[in-house]
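Subject: Structure handover

Hello,

Here is the structure I promised to pass on. Please have it open while you read; my notes follow below.

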Amino acid sequence: MSGTSLDGVDIAIVDYGQPIPEPVYCNTKPYPAQIQQRLRDVIRAEKVAIDELSKLDVEVARFYAEVVNAALSSNSISPQSVAAIGCHGQTICHNPDIDPIYTLQIGDPNTLSTRTGITTVADFRRRDMALGGQGAPLAPAFHQTRFHSNRHNRVIINIGGIANITYLPANQHEAVTGFDTGPGNTLLDYWINRQQGLKQDSNGDWAAAGQVITALLDTMLTNEPYFQRSTPKSTGTEYFSPAWLKAFSPENFTAIDVQATLLELTARTIALGIKQLPDVATECYVCGGGVHNGYLMQRLYQLLGDCQVSSTAELAVDPDFVEAQAFAWLARETLNHRPGNLPSVTHASAPAVLGGVFQIPPGTSE
Ligand SMILES: Nc1ncnc2c1ncn2[C@@H]1O[C@H](COP(=O)(O)OP(=O)(O)O)[C@@H](O)[C@H]1O
Ligand SMILES: [Mg+2]
């Protein structure tokens, strides 16, 4: 899994031979700096050179292959014993709101499967979109299998570059729903990087030391239609981008206060999304890198009031590797010819087996 934060690739090796599928190994490998910068440039550019995009498609896959091969050898696991790689790819653009709707994840699965000698399942989103769905979020089906409770209505909050929520009603007859709430870490990362050259606001300490600019926050909340829009909805970092922020003239304010306001925006829009769910949840579990932002977590505790907020670690799943495990699970569903999307989430016209399967013909791996 490599999400919109562009921090790197998360790998989870999951053993499905157990009654509760257990990850035997999880790790995150940062993108090499030059690949990360080129991805950022391509994602932010209005026009992209087709040869640069095509090169990145292969280079990203080569990097994934290195990461997989290193993980397998450090755990003495042979490629032959791995049923499949589920590879989300790196999202370059995602726009389910204009006709034709489109999404693009790069990281060529032919290269990945050839260089690892492992069947690769990739391109998970476009079948759902071909069926009129949002193609996102796709983690809810996995959240349902792993985190559903018969006693409590639960919400899973994933705070990556973009934040998304999944509602898991205790009553199995009620539909699972979920959507992207808006920016997660993306604007926080961008602003601290621009102002201080840091890659993230560790623990939210910089934001916590600033003052929320109420007028700016209110303008963002009111002027941006996405936050109040009805579901289904999904978004990306090419929408909640530096250009999105620039439209609010952040340079007219003190930089530290802008950071405080952006953190508050993430917390408020997640809380708003939870209020928009069909029923009240009593438990929220957070995953994704945002769980390490102590101040953001504190704001969520405060804003969500009666709903108990904790990390998915409380449910025995490492919050940094929920998404990676979701794509391992989705690959498994695909190989077993089972659908991976939830039409109640994406509004696709039907459940569908997701992705393409890139097999290794015998003797062709490098
Ligand atoms: N200690 C921390 N303090 C604050 N933010 C953090 C911390 N650790 C990770 N993050 C945030 O989490 C992001 C990575 O989260 P991740 O779930 O990998 O997102 P994505 O799925 O978009 O790649 C980082 O870019 C950073 O903003
Ligand atoms: Mg990440």
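Is Pro-32 buried, partly exposed or exposed? The model is a predicted one. In it, Pro-32 has a relative accessible area of 31%. Buried would need under 20% and exposed over 50%, so Pro-32 is partly exposed. Pro-32 sits in the loop between β2 (22-30) and α1 (33-44). Phe-63 is 31 residues away along the chain, yet the two C-alpha atoms are separated by 8.6 Å.

Ligand 1

There are 18 residues around ligand 1. Those that come nearest are Ser-5, Gly-161, Asp-189, Asn-203 and Gly-289. By type, the shell holds 14 polar residues, 3 charged and 1 nonpolar.

Three polar contacts to look at:
- Gly-161 places a backbone N or O atom 2.8 Å from an oxygen atom of ligand 1.
- Gln-200 uses its side chain: an N or O atom there is 3.4 Å from a nitrogen atom of the ligand.
- Asn-203 offers a polar backbone atom, 2.8 Å from a nitrogen atom of the ligand.

On its own, ligand 1 exposes 570 Å², and the protein buries 85% of that.

Asn-203 deserves a second look. Its phi is positive, about 65 degrees, although the residue is not a glycine. Most residues other than glycine have a negative phi. Asn-203 lies in the loop between α6 (186-196) and α7 (205-208). Its relative accessibility is 39%, so Asn-203 counts as partly exposed.

Other backbone points

Ser-76 also has a positive phi, of about 50 degrees, and is not a glycine. Look for Ser-76 in the loop between α2 (50-74) and β3. At 69% relative accessibility, Ser-76 counts as exposed.

Most peptide bonds are trans. Two cis bonds should be checked on screen. One joins Asp-99 and Pro-100, with omega about 0 degrees. Pro-100 belongs to the loop between β4 (90-95) and β5 (102-106). The other runs from Ala-136 to Pro-137, with omega near -15 degrees. Pro-137 is in the loop between α4 (126-130) and α5 (140-147).

Sheets

One open sheet has 5 strands in the order β9-β8-β7-β10-β11, and its pairing is mixed. Its edges are β9 (177-183) and β11 (308-311), each paired on one side only. The twist averages 20 degrees from one strand to the next. Within this sheet, β7 (154-159) and β10 (283-287) pair in the parallel sense over 5 bridges. Arg-154 stands opposite Glu-283 there.

Another open sheet has 3 strands, in the order β3-β6-β12, again with mixed pairing. Here β3 (85-87) and β12 (356-358) are the edge strands, and each pairs on one side only. The average twist from one strand to the next is 25 degrees. Strand β6 (120-122) pairs with β12 in the antiparallel sense, over 3 bridges. Thr-120 stands opposite Phe-358 of β12.

A buried asparagine

What does the side chain of Asn-341 reach? One partner is the backbone oxygen of Ala-350, at 3.2 Å. Another is the backbone nitrogen of Ala-352, at 2.7 Å. Asn-341 is in the loop between α12 (322-335) and α13 (343-346). Its relative accessibility is 4%, so Asn-341 counts as buried.

Best wishes

Methods
Residues numbered from 1 in each chain as written. Chains lettered and ligands numbered in written order. Predicted model: local features only at pLDDT ≥ 70, side-chain atom pairs only at ≥ 80, totals over all residues. Heavy atoms only, no water. Near = heavy atom within 4 Å. Polar contact = N/O pair within 3.5 Å; in protein donor to acceptor, adjacent residues only side chain to side chain. Areas by Shrake-Rupley, 256 points an atom, 1.4 Å probe, with all protein chains shown as cover. Nonpolar A, V, L, I, M, F, W, Y, C, P; charged D, E, K, R; others polar. Helix = DSSP H or I, 4+ residues; strand = E, 2+ residues; numbered from the N terminus. Buried < 20%, exposed > 50% of the residue type's maximum accessible area, 1.4 Å probe, protein only. Pairing = 2+ DSSP bridges. Axes fitted to C-alpha atoms, helices over the stretch in contact; angles between N-to-C directions.
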